Amino acid sequence: YYNVQIGFFKTMKALPHISSQIDEKLILKVIKQNYAQIAPLFYSFISNWLIRAYQRYDNIDKFLIIVYLIHNNLKFYSKNGLIFNFETFYKDRTVEVEKINISDISKDLNIPKESVRRKIIELEKNKIIQKFGKKIFVDKSTFQAAKATKSITDLCNVLYEFNILLNKENLISKVFDKNQITESLNKNFTFCLYQFNKFIFIYLNRWRAEVGDLETFSVGMIVLTNAMSNQKFSPSKIDLKTSTKEIMGTDPRGVNAMSISEITGIPRPTVVRKLKFLIDNNWLQKNEKKLISLNIKDSTFNKSQKMAEKNLLSFSHFVYRLFNQIKVINT
């Protein structure tokens with residue numbers, strides 16, 4: 001009995017200390033102070049997510065509604081302390097939804113009721129949502145083309161860069177490699193997906209209110225990520241305020257409507273219309289070669305800065321929950 005007891009305590013993992021977690025305010029501070037370093041990876045992550053969302057149903061809102069319905073299951077898991085890994089979550093072909101409440105979807109996703117109703121009818125016709133008596137099921141096999149594998153890779157890149165910054169600021173002593181981060185994301189998949197959904201709903205609602213629809217936002221994100229990836233750009237300071245102000249109008253390459261259409265899958269005439277809106281409202285500019293680049297001007301710039309502050313606060317909370325989960329588990 002004594003030997004068995006000793007063996008048990010040797011294999012038992014020590015409980016993590018509360019002091020090992022990273023404070024959320026420090027996370028926000030690090031992100032703001034190193035914005036130019038982490039922003040390209042963050043915006044690439046969001047842009048890629050939007051592209052995959054559109055390409056699945058030729059409509060971002062349809063994808064978002066499906067995500068919202070499945071999110072209700074994640075709420076149940078979270079409330080009851082249940083965490084499932086990536087493979088277990090995708091193992092079953094269907095997921096049961098408690099109910100479809102048009103008003104709640106409309107309110108939470110900031111989509112007009114009639115638009116929500118119409119999209120749900122279309123999803124039912126395509127058998128993505130199916131009703132059997134009083135039960136409602138979402139066919140998870142429809143997610144195979146948009147499975148979160150690529151999103152995990154993109155998110156891993158953001159968190160990896162972030163934990164390098166924490167180490168540089170002497171807030172952590174160990175830098176987790178990408179394999180460790182990916183393994184933790186997969187192991188805690190439903191927890192991570194729940195936290196991401198909460199963030200993305202808030203984030204997209206803010207942008208929808210500004211630019212009207214998420215396809216317009218997706219088009220703008222291509223121009224933004226193109227500017228962010230310009231390696232010749234070197235801001236005098238890498239903090240949020242300085243780097244965002246100095247990057248305006250510095251992208252000599254620009255991008256055209258055809259390229260945006262090919263990247264996003266959105267038809268070129270629609271892209272042209274969305275670009276016109278963004279240019280007319282001082283988000284983007286067009287040069288003599290008809291190439292589009294980032295140049296947020298006047299009151300639009302001030303508005304974008306205020307929204308960036310809110311979005312970084314939401315993002316820092318998301319990172320706080322995820323990174324501390326990864327840090328505690330790997331510790």
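I took two strands as paired where DSSP finds at least two bridges between them. With that settled, I looked up valine 95 and found that its bridge partner in β3 is valine 138. The model I consulted is predicted.

**Entry 1. The chain overall**

I began with the inventory of the protein chain, which comes to 15 helices and 5 strands. I then checked burial and noted that 50% of the 331 residues count as buried. For the exposed surface I recorded about 17500 Å², of which carbon and sulfur atoms supply 51%. I also looked at contacts between residues at least 6 apart in sequence, and 75% of these join residues at least 24 apart.

**Entry 2. The sheet**

I traced an open sheet of 3 strands in the order β1-β3-β2, and its pairing is antiparallel. I noted that β1 (94-97) and β2 (129-132) stand at the edges with a single partner strand each, so one side of each has no neighbour in the sheet. Direction ignored, I read an average turn of 30° between neighbouring strands of this sheet.

I followed each pairing in turn. Between β1 and β3 I found 4 bridges in the antiparallel sense. Between β2 and β3 (residues 135-139), which also run antiparallel, I recorded 4 bridges. I returned to valine 138 in β3, since it is the bridge partner of isoleucine 129 as well as of valine 95.

I examined the link between β2 and β3 and entered it as a hairpin with 2 residues between the strands. Glycine 133 in the turn has a positive phi of about 65°.

I asked how many residues of β3 are buried. I found that 4 of its 5 residues are, and β3 is therefore largely enclosed by the rest of the structure.

I last looked for a helix against this sheet. Helix α4 (residues 60-79) lies across β1, β2 and β3, and I recorded its direction at about 75° to β1.

**Entry 3. Helices α3 and α11**

I turned to the packing of helix α3 (residues 35-57) with helix α11 (residues 214-228). Their axes are 9 Å apart and the packing angle is about 145°. I entered the crossing of α3 and α11 as left-handed.

I listed the residues that meet. On the α3 side they include Tyr35, Pro40, Tyr43, Ile46, Leu50 and Tyr54. On the α11 side I noted, among them, Glu215, Phe217, Met221, Leu224 and Met228. I sorted the residues of this contact into 13 nonpolar, 4 polar and 1 charged.

**Entry 4. Helices α6 and α7**

I next consulted helix α6 (residues 102-109) and helix α7 (residues 113-125). Their axes come within 9 Å and cross at roughly 115°. I noted that α6 passes α7 in a right-handed crossing.

From α6 I recorded Ile102, Ser103, Ile105 and Ser106, which meet Lys113, Val116, Arg117 and Ile120 in α7. The residues of this contact divide into 4 nonpolar, 2 polar and 2 charged.

**Entry 5. Three single residues**

I located aspartate 154 in helix α8 (residues 149-168). Is aspartate 154 buried or exposed? The cut-off for buried is under 20% relative accessible area, and aspartate 154 has 14% relative accessibility, so I entered it as buried. Leaving aside neighbours within four places in sequence, I found aspartate 154 in contact with Phe45, Asn48 and Arg52.

I placed valine 255 in the loop between α12 and α13 (257-264). Its relative accessibility is 8%, and valine 255 therefore counts as buried. Beyond neighbours within four places in sequence, I listed its contacts as Val223, Asn226, Ile260, Leu291 and Ile292. I also read the separation between the C-alpha atoms of valine 255 and isoleucine 292 as 5.1 Å, although these residues are 37 residues apart along the chain.

I found serine 236 in the loop between α11 and α12 (240-247). With 57% relative accessibility, serine 236 counts as exposed. Not counting residues up to four places away in sequence, I recorded that serine 236 touches Thr242 and Glu246. The C-alpha atoms of serine 236 and glutamate 246 are separated by 8.1 Å, and I noted that the two lie 10 residues apart along the chain.

Technical notes. Residues numbered from 1 in each chain as written. Predicted model: local features only at pLDDT ≥ 70, side-chain atom pairs only at ≥ 80, totals over all residues. Heavy atoms only, no water. Axes fitted to C-alpha atoms, helices over the stretch in contact; angles between N-to-C directions. Contact = heavy atoms within 4.5 Å. Buried < 20%, exposed > 50% of the residue type's maximum accessible area, 1.4 Å probe, protein only. Areas by Shrake-Rupley, 256 points an atom, 1.4 Å probe, with all protein chains shown as cover. Left-handed = near helix turned anticlockwise from the far one by under 90°. Nonpolar A, V, L, I, M, F, W, Y, C, P; charged D, E, K, R; others polar.
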